[in-house]
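User: Please take a close look at one strand in this model and its surroundings. Then work outward to the rest of the assembly.

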There are 2 protein chains.
Amino acid sequence: MPELRKDPVLGRWVIIASERERRPSDFPAEKEPPSPPPGACPFCEGSEGKTPPEIAAFRPGGGPPNSPGWTVRVVPNKYPALRVEGGLDKKGDGIYDRMNGIGAHEVLIETGRHARSLTDVSPEQAAEVVRAYQERLLDLRRDRRLVYGLVFKNVGATAGASLEHTHSQLIATPTVPRTPADEIAGARRYYDYRGRCIYCDMWLQEVQSGSRVVIETSAHVAFAPYAPRFAFELWVLPKNHASDFGTISPAERADLGRVLREALRRLETSLSRPPYNYVLHTAPFDAPELPHYHWHIEVIPRITKVAGFEWGTGFYINPVPPERAAAYLREAVPEARGA
Amino acid sequence: MPELRKDPVLGRWVIIASERERRPSDFPAEKEPPSPPPGACPFCEGSEGKTPPEIAAFRPGGGPPNSPGWTVRVVPNKYPALRVEGGLDKKGDGIYDRMNGIGAHEVLIETGRHARSLTDVSPEQAAEVVRAYQERLLDLRRDRRLVYGLVFKNVGATAGASLEHTHSQLIATPTVPRTPADEIAGARRYYDYRGRCIYCDMWLQEVQSGSRVVIETSAHVAFAPYAPRFAFELWVLPKNHASDFGTISPAERADLGRVLREALRRLETSLSRPPYNYVLHTAPFDAPELPHYHWHIEVIPRITKVAGFEWGTGFYINPVPPERAAAYLREAVPEARGA
């Protein structure tokens, strides 16, 4: 019997279609285009002139901008979805509303060496990538026109990636987008009713039941959510309550780098390097620390199709129960459950 | 300068990335798998035994079920996402909620002749397909466990189709899905403020401005919406206010069949038979006629990628302004604007 499950934050239902259940090997590997010839990748160390001038970089040994010697480098997107310069110019058009496409669109290059995945860098380097997320979000919020920043990652052509070299992106917008706004509103309803953060309750229940947990450390839990939209969807939550990712400590960054890299490694091993996206959900720039919201990362493998039913309803059909997905991911690599 | 536009019903923003603008020919045609050999398609007339027993069929000359002689035939989906038999058995699981996957999942075969598209059948036959949508929705609402029915269509592998023979699907669910619920709530807010149906206001403004209109008849308007998620997205609205698609008259069905077929023909001509989905949004089964809601069809070509930013925010990046898309679609075929 298929099962309907409700996401407790968004009220979004999913169909766990266990009669259509598929194993990891049932998902075909994606054919990726061949790697660029040596020297042709604009994100490699030594090719700094092939990107727009950098916004920020970590250079442990010092050195001028746009030169080699960096560990993480942040540049403007060459084809930005939003533009930094100008005013919002909000206007009506009959019943409609519009404004100028003001915002930031940055690319965070995660290593100078040509690597395809965050799993190809060291855990320490992954923690540096996490630090770059934090520093860019803290910097962008000083622009009063911008109210939200989304860090995200596209891996594989199906997931929207156009370059192979491992990188993340950050888009900051002049309105709070619908999805984080809906999450915050849903979490607020729970808080008003129960007086507790729903995400705190969620990771506690996950750790207690254990069936959906993939990795647990002292600071983070990576688990398959109860009502996942996508097969092998994974969420990473910090155990410490915090709505603002900007407050993450150096020790938490180190742990998150390890956990995120390990979660991706398990996905890549189980599913033969699937296309995926991940997104970092945090509070809006101008929100005080919220007792009801909790930053987190959502990893969504792009191995199941989104068709008319999903677009028309917001309902998702998922052929892999999260308990099964978590079991596959726990068994994917020889190490014990703690990363 | 990119532009941010807001969907007036859902409050969803999109980025019209005119600096990334693409023409129809910039979207590569999808490679579709070869057609099945003659006699192998389970949806062709004469192969009735290859599907589960039919639920309904139009047989103008009469004849027994599951025999040839039909124009439109409705069968259960062989791999249903939801099951008809059983009780809902709603239960909690700690902070989570679940119920059994009860519902209907039907396939509407749009012609007995092997055809790839609704545009390959006559306008009269397209109107019969519309009649099948209406009759199945009216029949399913008699099941008191079910509260919503979504008619949808997947065309092309990218859009989730697994069979080539032109068909639609209908899934009826025991909860009102999030997207129509959000639409109804958004339309209600507008009605409470202005005392008018937002969709009535929308088609009127579209017809007055004209720049986004593709087809206008006495009963329907097909237009590129102001804030489209997808390049070449099209909506079809009836001019007569009605929240319930079940109330559509025979004359309106005939007109809708013509308009829908013509809209798809223009998309197929402009974009070389792109993969697409369409969905029919109507009121929940148990809603009385609502003054604030208005049934409609949304057609979404699947030619742009949905990546991390879209999944993380609900914001969409669209490289084709709807005014340009409508102009391309108006010019796509020699006929005048009225279908």
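Analyst: Strand β9 of chain B, residues 167-173, is mostly covered in this predicted model: seven of its seven residues are buried. The side chains split into two sets. B:His167, B:Gln169, B:Ile171 and B:Thr173 point one way from β9(B). B:Ser168, B:Leu170 and B:Ala172 point the other way. Both sets are buried.

Next, the partners of this strand. β7 of chain B, residues 104-109, pairs with β9(B) in the antiparallel sense, over six bridges. In that pairing, B:Leu108 stands opposite B:Ser168. β8 of chain B, residues 148-155, also runs antiparallel to β9(B), joined to it by five bridges. Here B:Leu150 has B:Ile171 as its bridge partner.

Now the copy in chain A. There, β7 (residues 104-109) and β9(A) run antiparallel and are joined by six bridges. A:Glu106 is bridged to A:Leu170 of β9(A).

The wider sheet gives the context. In chain A, ten strands form an open sheet with antiparallel pairing. The order is β3-β4-β7-β9-β8-β13-β14-β12-β11-β10. The edges are held by β3 and β10 (213-216) of chain A; each has a single partner strand, so one side of each is left without a neighbour in the sheet. Neighbouring strands of this sheet are turned by 20° against each other on average, direction ignored.

One residue of the strand is worth a stop. A:Ala172 sits in β9 of chain A, residues 167-173. A:Ala172 counts as buried because 25 other C-beta atoms lie within 10 Å, and the cut-off for buried is 20 or more. Leaving out residues up to four places away in sequence, A:Ala172 touches A:Gly103, A:Ala104, A:Leu140, A:Leu146, A:Tyr148 and A:Gly149. A:Leu140 is 32 residues from A:Ala172 along the chain, yet their C-alpha atoms are separated by 7.4 Å.

That contact leads to a helix. A:Leu140 is among the buried residues of α1(A). Helix α1 of chain A covers residues 123-140, 18 residues in total. From first C-alpha to last it reaches 26 Å, close to the 26 Å expected at 1.5 Å a residue. The other buried residues of α1(A) are A:Ala126, A:Ala127, A:Val129, A:Val130, A:Ala132, A:Tyr133, A:Gln134, A:Arg136 and A:Leu137.

For contrast, take a loop residue. A:Pro52 lies between β2 (13-16) and β3 (56-58) of chain A. A:Pro52 is exposed, because 12 other C-beta atoms lie within 10 Å and the cut-off for exposed is 12 or fewer. Not counting residues up to four places away in sequence, A:Pro52 touches A:Val75, A:Pro76 and A:Lys78. A:Ser117 is 65 residues from A:Pro52 along the chain, and their C-alpha atoms are separated by 23 Å.

Now to the assembly of the two chains. A second open sheet draws on both of them: five strands, in the order β15(A)-β2(A)-β1(A)-β6(B)-β5(B), with mixed pairing. Its edge strands are β15 (316-318) of chain A and β5 (91-93) of chain B, each paired on one side only. Neighbouring strands here are turned by 30° against each other on average, direction ignored.

The chains join within that sheet. β1 of chain A (residues 3-6) runs antiparallel to β6 of chain B (residues 96-100), with four bridges between them. A:Leu4 has B:Met99 as its bridge partner in β6(B). There is also a pairing with the chains exchanged. β6 of chain A (residues 96-100) and β1 of chain B (residues 3-6) run antiparallel, again joined by four bridges. In this case A:Arg98 stands opposite B:Arg5.

What residues make up the contact between the chains? Chain B gives 59 residues and chain A gives 59 residues. On the side of chain B that touches chain A, 30 are nonpolar, 17 are polar and twelve are charged. Of the interface residues of chain B, 100% are also interface residues in chain A, so the copies meet through the same surface.

Superposition completes the picture. A turn of 180° with a shift of 0.0 Å along the axis lays chain B on chain A, with an RMSD of 0.0 Å. The two copies are thus related as by a two-fold rotation axis.

How values were computed:
Residues numbered from 1 in each chain as written. Chains lettered and ligands numbered in written order. Predicted model: local features only at pLDDT ≥ 70, side-chain atom pairs only at ≥ 80, totals over all residues. Pairing = 2+ DSSP bridges. Helix = DSSP H or I, 4+ residues; strand = E, 2+ residues; numbered from the N terminus. Axes fitted to C-alpha atoms, helices over the stretch in contact; angles between N-to-C directions. Least-squares fit on C-alpha atoms with pLDDT ≥ 70 in both. Contact = placed C-beta atoms within 7 Å. Expected span 1.5 Å × (residues − 1). Nonpolar A, V, L, I, M, F, W, Y, C, P; charged D, E, K, R; others polar.
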